[in-house]
Amino acid sequence: PRPLRLLAMPEPIKALAPATNRPPVIFKWRQRHHRVALVDGPERILSEWWLEDASELFNEQVNLRDYFRIEDTKGLRFWVFRTGLYQPKQQPKWFMHGLFS
């Protein structure tokens, strides 16, 4: 399933996740805090691998997104993603990409 509304450009969010490879338990978007009730995902989306240089497919710079369908405690549903692979010295970046309702 894809959201009914996509943002023109993904917007950064502040997310608190229990581990780097887990979905957030709370996030802040547009000055509002959202406590996560339900999560579906991740769904990993990569750039077209056949267009990439084979030597760059598995390095830290790989262009991938892990998407999650999230419902907050108020019943609002969001499509958020985390960028890149886990790196010990760098926190993952999270973005809002769409709304389901």
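In which strand does Asp66 lie? Asp66 belongs to strand S4, which covers residues 64-72, and the points below take this residue as their centre within what is a predicted model.

1. On the overall fold, the protein contains six strands and zero helices, so that, by the run-based assignment of helices and strands, the order of elements from the N terminus reads β-β-β-β-β-β. Of the contacts between residues at least 6 apart in sequence, 49% join residues at least 24 apart.

2. On burial and surface, the protein has 101 residues, of which 29% are buried. The exposed area comes to about 7200 Å², and carbon and sulfur atoms supply 53% of that area.

3. On the setting of Asp66, the relative accessibility of this residue is 2%, and because buried means under 20%, Asp66 counts as buried. When neighbours within four places in sequence are left aside, Asp66 is in contact with Pro42, Glu43 and Arg44, and also with Val80, Phe81 and Arg82.

4. On the polar contacts of Asp66, the side chain of this residue makes one with the side chain of Arg44 at 2.7 Å, and a polar contact of 2.7 Å also joins the side chains of Asp66 and Arg82. In general terms, side chains of opposite charge can pair when their charged atoms come close.

5. On the pair with Arg44, the side chains of Arg44 and Asp66 meet in a salt bridge, with an N to O distance of 2.7 Å. This pair links distant parts of the chain, since Arg44 sits in strand S3 and Asp66 in strand S4, with their positions 22 residues apart in the numbering. Arg44 counts as partly exposed, at 48% relative accessibility, whereas Asp66 counts as buried at 2%.

6. On the pair with Arg82, a salt bridge is likewise formed by the side chains of Asp66 and Arg82, at 2.7 Å from N to O. Here too the pair links distant parts of the chain, with Asp66 in strand S4 and Arg82 in strand S5 (residues 77-83), 16 residues apart. Arg82 has a relative accessible area of 6% and is buried, as Asp66 is at 2% relative accessibility.

7. On salt bridges elsewhere, the structure holds six of them, and one is formed by Glu11 with Arg30, whose closest N and O atoms are 2.7 Å apart. This pair links distant parts of the chain: Glu11 is in strand S1 (residues 5-16), while Arg30 is in the loop between strand S2 (26-29) and strand S3 (32-46), and the two are 19 residues apart. Glu11 is partly exposed, with a relative accessible area of 22%, and Arg30, at 53% relative accessibility, counts as exposed.

8. On the linked charges, a network of salt bridges connects Arg2, Asp40, Glu43 and Arg69. One of these residues, Glu43, is also listed among the contacts of Asp66.

Technical notes:
Residues are numbered from 1 along each chain as its sequence is written. This is a predicted model: local features need pLDDT of at least 70, side-chain atom pairs count only at pLDDT 80 or more; totals for chains, interfaces and linings use all residues. Side-chain values use heavy atoms; hydrogens and water are left out. Helices (H or I, at least four residues) and strands (E, at least two) are DSSP runs, numbered from the N terminus. Buried means under 20% relative accessible area, exposed over 50%, partly exposed in between (1.4 Å probe, protein chains only). Contact means heavy atoms within 4.5 Å. Accessible areas come from the Shrake-Rupley method with a 1.4 Å probe; for residues, only the protein chains shown count as cover. A polar contact is a pair of N or O atoms within 3.5 Å; within protein, one must be able to donate a hydrogen and the other to accept it, and residues adjacent in sequence count only if both atoms are side-chain atoms. A salt bridge is a side-chain nitrogen of Lys or Arg within 4 Å of a carboxyl oxygen of Asp or Glu.
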